[in-house]
Every structure is written in structure tokens, then in C-alpha cells.
Amino acid sequence: MTDPESAGAWRRFDGAVRLPAAAAAAGSVLLAFAIRMVTGSPMLSTGLVEQASGTALYASAVFAGVVFLRPRLPVPYVALIAAGWCWAVEFLQLTPIPADLSARSVVARLVLGVSFDPADLVWYLAGVVPAALALAWTRRR
């Protein structure tokens, strides 16, 4: 059983983690839009820079979202959940469902994408791995 004193410490820890996690998720999304504004269209991936950075930043936002929802979860589990979500969404794009929903909703387009790209599977890791390393480093301090 957990004693009340340590339970209060966990609540403080949760709050100290959730705010930066929310800021990191929002920052990732805003940075992705900023890159697209500078290099092309805010809603379309018109080149490699927009595509790769948007994919990696999407993955880092998902990672931060998992930390926000489960702040005490060990870093490897957060990374696996974030990468698993991203890969599941990517493989879902092999069906017509995301393209269909994306044609009707901007939010669906941002969350689900439109078409499968095997390179995205690697770019998701480029977003998750640095975030996981940063969180692991932060937790050790």
C-alpha cells in the first residue's frame, strides 16, 4: 500500500510533468505548422522537408501526449505506445478509411493522414527516439 505522504509526492510529480508534456505537444504541432508556412502550404506536404519534419514532429507530439496522459509510465513504454500509435495510423492508411475521413475533416487529415508512405515509419522513430532520450535524461536528474 502507498502511504499518503508519498502519494502526495506523486501528485506533485504528475503536475510537474503534465504541464511540460502539454507544452511539448503543442510546441511540436506549432513547429510543424511553422515549417510548412515557411516552406510551402500549412496544410499540405509539398516536399521532403515538410513531409519528414511533419511526420517526426507528429510522433513527438504523440509521445508528449502519452506522457501527459500517463506521466509515471516508464520511458520505454511511452516510446513503444507512441511509435505503435504512429505505425498503426500509418498502416491504417493502406485502407480507404483515412483518405475518406480526411476529405471531410481537417482534424482527421491532421491526425490520420491520407496515404501510406513506408518512409514515415522511420520518420516516426526520428520523432520518438529524441523525445524518449530527453525524458529519460530529465527523469535521471
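**Exercise 1. Place Gln-93, which is buried with a relative accessible area of 9%, and list what surrounds it.**

Step 1. This is a predicted model. Begin with the label. Buried means under 20% relative accessible area. Gln-93 has 9%, so Gln-93 counts as buried.

Step 2. Find its place. Gln-93 sits in the loop between H3 and H4.

Step 3. List the contacts, leaving out residues up to four places away in sequence. Gln-93 touches Pro-98, Leu-112, Gly-113, Val-114, Ser-115, Phe-116 and Asp-117.

**Exercise 2. Decide whether Ser-102 is buried or exposed, and name its contacts.**

Step 1. Ser-102 belongs to helix H4, which covers residues 97–104.

Step 2. Its relative accessible area is 8%, so Ser-102 is buried.

Step 3. Not counting residues up to four places away in sequence, Ser-102 touches Ala-108, Arg-109, Gly-113 and Val-114.

Step 4. Compare with Exercise 1. Gly-113 and Val-114 are among the contacts of Gln-93. Gly-113 and Val-114 are also among the contacts of Ser-102.

**Exercise 3. Describe the overall fold and the confidence in it.**

Step 1. Count the elements. The protein has six helices and zero strands. Along the sequence, the pattern reads α-α-α-α-α-α.

Step 2. Look at burial. Of the 141 residues, 35% count as buried.

Step 3. Look at the surface. The accessible surface is about 8,600 Å², and 72% of it belongs to carbon and sulfur atoms.

Step 4. Look at contact range. Take the contacts between residues at least 6 apart in sequence. Of these, 62% join residues at least 24 apart.

Step 5. Check confidence. The mean pLDDT is 88, and 87% of residues reach 70 or more. Confidence is lowest in H1, with a mean of 79, and highest in H3, with 98.

**Exercise 4. Work out which side of H3 is buried, and what covers it.**

Step 1. Check the length. H3 has 18 residues. From first C-alpha to last, H3 reaches 25 Å, close to the 26 Å expected at 1.5 Å a residue.

Step 2. List the buried residues of H3. They are Val-75, Val-78, Ala-79, Ala-82, Ala-83, Cys-86, Val-89 and Glu-90.

Step 3. Use the arc. These residues cover an arc of only 125° around the axis, so they lie on the same side of H3.

Step 4. Turn to the other side of H3. There, Pro-76 and Leu-80 are exposed.

Step 5. Name the cover. The buried residues of H3 are covered by elements including H2, helix H5 (106–112) and H6.

**Exercise 5. Place Trp-85 and Val-66 relative to their partners along the chain.**

Step 1. Trp-85 is in helix H3. Its relative accessible area is 43%. That lies between the cut-offs of 20% and 50%, so Trp-85 is partly exposed.

Step 2. Trp-85 and Val-62 are 23 residues apart along the chain. Their C-alpha atoms are separated by 8.0 Å.

Step 3. Leave aside neighbours within four places in sequence. Trp-85 is then in contact with Tyr-58, Val-62 and Val-111.

Step 4. Now take Val-66, in helix H2. At 12% relative accessible area, Val-66 is buried.

Step 5. Val-66 and Ile-81 are 15 residues apart in sequence and 7.5 Å apart in space, C-alpha to C-alpha.

Step 6. Beyond four places in sequence, Val-66 touches Leu-73, Val-78, Ile-81 and Ala-82.

**Exercise 6. Test the span of H6 and find what its buried residues pack against.**

Step 1. At 1.5 Å a residue, the 23 residues of H6 should span 33 Å. The end C-alpha atoms are 34 Å apart, which agrees.

Step 2. The buried residues of H6 are Asp-120, Leu-121, Tyr-124, Gly-127, Val-128, Ala-131, Ala-132, Leu-135 and Ala-136.

Step 3. These buried residues pack against H2 and H3.

**Exercise 7. Identify which members of the largest nonpolar core touch the most others, and which helices supply the core.**

Step 1. The core has 22 residues. Tyr-58, Phe-63, Val-67, Val-78, Cys-86 and Val-128 touch the most other members.

Step 2. Helix H1 (4–39), helix H2 (48–69), helix H3 (75–92) and helix H6 (118–140) each supply at least two residues of this core.

Step 3. Follow one member. Not counting residues up to four places away in sequence, Val-67 touches Val-17, Ala-21, Val-78 and Leu-135.

Definitions and conventions
Residues are numbered from 1 along each chain as its sequence is written. This is a predicted model: local features need pLDDT of at least 70, side-chain atom pairs count only at pLDDT 80 or more; totals for chains, interfaces and linings use all residues. Side-chain values use heavy atoms; hydrogens and water are left out. A nonpolar core is a set of buried Ala, Val, Leu, Ile, Met, Phe, Trp, Tyr and Cys residues joined through side-chain atoms within 4.5 Å. Buried means under 20% relative accessible area, exposed over 50%, partly exposed in between (1.4 Å probe, protein chains only). Helices (H or I, at least four residues) and strands (E, at least two) are DSSP runs, numbered from the N terminus. Contact means heavy atoms within 4.5 Å. The expected span of a helix is 1.5 Å times one less than its number of residues. Accessible areas come from the Shrake-Rupley method with a 1.4 Å probe; for residues, only the protein chains shown count as cover. The arc is that of the directions from the helix axis to the C-beta atoms. pLDDT is the predictor's confidence in each residue, from 0 to 100.
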